[in-house]
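The following exchange works through a protein chain by way of questions, each of which is answered from the coordinates.

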Amino acid sequence: MKKGDQLDDLYIESMAAEGKCLAKVEGKVVFVADVAPGDRIKAQVTKVKSRYADAKMLELITPSSHRLVPFCNHYNICGGCKWQHVDYQTQLQFKQQQVIDNLERIGGLNLPQVSPILASSKTSHYRNKLDFTFSNRTWLTHDDLKSGKSNQQETLGFHVPGMFDKVFQVEECHLQPEPSNQIRNLIYHFCIENRFPFFDLRTQEGFMRTLTIRTTNMGEVMIIVQFAYEQQDWIKQLMTYITTAVPAINSANYIINTKRNDTFGDLEVICFKGRPYITEQMSAADDNGKLQFRIGPKSFYQTNADQAYELYRAAWQMAAFKDDELVYDLYTGTGTIANFVARHVKHVVGLEYVAEAIEDAKINSEINQIHNTSFFAGDIKDLLDEAFLQEHGRPDVIITDPPRAGMHESVTKMIVQANPEKIIYISCNPATQARDLKILCEHYKIMAVQPVDMFPHTSHVENIVSLKRI
């Protein structure tokens, strides 16, 4: 097999990572995008490596029974919902198997019976946060180029996957509920009509940089607009216009960003109108009452709020907390999990790298009248040491919910040294979770595994593992 070869009758066997599926030709794995398990296709080889090959579909010969018509007009360009052409039940089956494969193959772990994956009740309009980029050049498809269209036009949308300087115009996104599309389209047309310069991602010139829209299940809306430089007349015009046109906006904020990247954790956020936060609501772990969480422009909150409740409730059930237990919540963020479980234990100690998130966590305890939490900011690999344990007590239970990269090895070893009776490990990346569990399982036994689907139509899967000290 070599690059350029045509495969006239390729049978797609199963789903794979990053939205692709796989087939086999003479024992070699071939990855193909935009296909479904059970498809028969004509394809062309685009890359050949020693262990695998990539191919692109040229023709769909026989469609799979699992194949659906994509619901989004941006399906062929956008990287956000790569599996929308595959029925949801098939997606769930793959994610379940993905968790098992990662834990068994990467971690070499002995697993109990893995619980059936918790499906998301919403498979569209489930996200509460989206980031859009302004660009002075729009991405054109091959059909656009053939028709003579020019890319010399402003656009507001998403990056083309793998291309930092390519942005395509989003007409309608099915990920976030309204007024998300309304806000984005109104801002786009206002900037076009008033000739506000859109940012050039290569030369770093232009005025309009990014737009972030956050929503909550209480119907509250926040916008954050990044401008490349101070131009108060333009800023006032735009922010006044959009908050008047969409009175549902509860928090309108902007940032002056002169850096070469769009991250704003180190920048001042200016609240133009409304409150500097919005409020999310979640049922308590035992369904006895509601918890409220303030979300600021820099706050982390699970982007699928409804499914976050299912995730935290599953973790709570697996932990089987006792009211005299001391719990450590690592990577606590804004204290969502800490406050979710606090009423069922003696005390919760939350640790988090981002100082602003820790301040949010403290506020979230206050507004929910929770008085048995303590929060500390710092790099967890430096913060969690023997001196910290001596000062704040050795935990009975540790909950850890690290970023995709997983835990630093020193943190994993410090958890073992802390010697809690139980560990609840929540992960958005079963591969790095498996790596960390391999260390933990020298001293702990896996008691339960619970996959949770937070992101329908993507290959991402969340997973909870409970461990008990041997």
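Q: Is Phe227 buried or exposed in this predicted model?
A: In this model, which is predicted, Phe227 belongs to strand S11. A residue counts as buried under 20% relative accessible area, and the relative accessibility of Phe227 is 0%, so Phe227 is buried.

Q: Which residues does Phe227 touch, not counting residues up to four places away in sequence?
A: The C-alpha atom of Phe227 is separated by 8.7 Å from that of Gly206, although the two residues are 21 apart along the chain. With residues up to four places away in sequence left out, the residues that Phe227 touches are Phe207, Met208, Arg209, Ile235, Leu238, Met239, Tyr254, Ile255, Ile256 and Asn257.

Q: How many of the residues of strand S11 are buried?
A: On one side of S11, Val221, Ile223, Val225 and Phe227 are all buried, and on the other side the buried residues are Met222, Ile224 and Gln226, which leaves both faces covered. For the strand, which spans residues 221–227, the count of buried residues is 7 of 7.

Q: In which sense do S10 and S11 pair, parallel or antiparallel?
A: The two strands form a hairpin with 5 residues between them, where Gly219 takes a positive phi near 85°. Within the pair, Leu211 stands opposite Val225 of S11. The strands are joined over 7 bridges, and their sense is antiparallel.

Q: Which residue in S12 stands opposite Ile224?
A: Strand S11 is also joined by 7 bridges to strand S12 (residues 249–256), and these two strands run parallel. In this pairing, the residue of S12 that stands opposite Ile224 is Asn253.

Q: What is the order of the strands in the open sheet of 7 strands?
A: The pairing in this open sheet is mixed. Its edge strands, each of which pairs on one side only, are S18 (373–377) and S21 (444–452). Neighbouring strands are turned against each other by 15° on average, with direction ignored. Read across the sheet, the order is S18-S17-S16-S19-S20-S22-S21.

Q: Which residue in S17 stands opposite Leu330?
A: Strand S16 (residues 326–330) pairs with strand S17 (residues 347–352) in the parallel sense, over 5 bridges. The residue of S17 that stands opposite Leu330 is Leu351.

Q: At about what angle to S18 does helix H7 run?
A: Helix H7, made up of residues 355–367, lies across both S17 and S18. Its angle to S18 is about 170°.

Q: Where does Glu26, whose phi is positive, lie?
A: Most residues other than glycine have a negative phi. Glu26 departs from that pattern with a phi near 50°, and its relative accessible area of 80% makes it exposed. Its place is in the loop between strand S3 (20–25) and strand S4 (28–33).

Q: What is the exposure class of Gln204?
A: Gln204 is a residue other than glycine with a positive phi, near 60°, and it lies in the loop between H3 and strand S10 (208–215). Its relative accessibility is 21%, and therefore Gln204 counts as partly exposed.

Q: What is the omega of the cis peptide bond that joins Glu178 and Pro179?
A: Pro179 is placed in the loop between strand S9 (167–169) and helix H3 (180–193). The bond that joins Glu178 to Pro179 is cis, and its omega is about 15°.

Q: How many disulfides does the rule count?
A: A disulfide requires a pair of cysteine sulfur atoms within 2.5 Å. For Cys72, the nearest cysteine sulfur is that of Cys78, 6.5 Å away, and for Cys428 it is that of Cys81, 18 Å away. Neither Cys72 nor Cys428 is in a disulfide, and the count comes to 0.

Q: What radius of gyration does the chain have?
A: The chain holds 11 helices and 22 strands, and 52% of its 470 residues are buried. Its C-alpha atoms fill a box of roughly 70 × 65 × 35 Å along the principal axes. A compact globule of 470 residues would have a radius of gyration near 23 Å, and the value for the chain, which agrees with this, is 24 Å.

Terms used:
Residues numbered from 1 in each chain as written. Predicted model: local features only at pLDDT ≥ 70, side-chain atom pairs only at ≥ 80, totals over all residues. Heavy atoms only, no water. Pairing = 2+ DSSP bridges. Helix = DSSP H or I, 4+ residues; strand = E, 2+ residues; numbered from the N terminus. Axes fitted to C-alpha atoms, helices over the stretch in contact; angles between N-to-C directions. Contact = heavy atoms within 4.5 Å. Rg over C-alpha atoms; globule rule 2.2 N^0.38 Å. Buried < 20%, exposed > 50% of the residue type's maximum accessible area, 1.4 Å probe, protein only.
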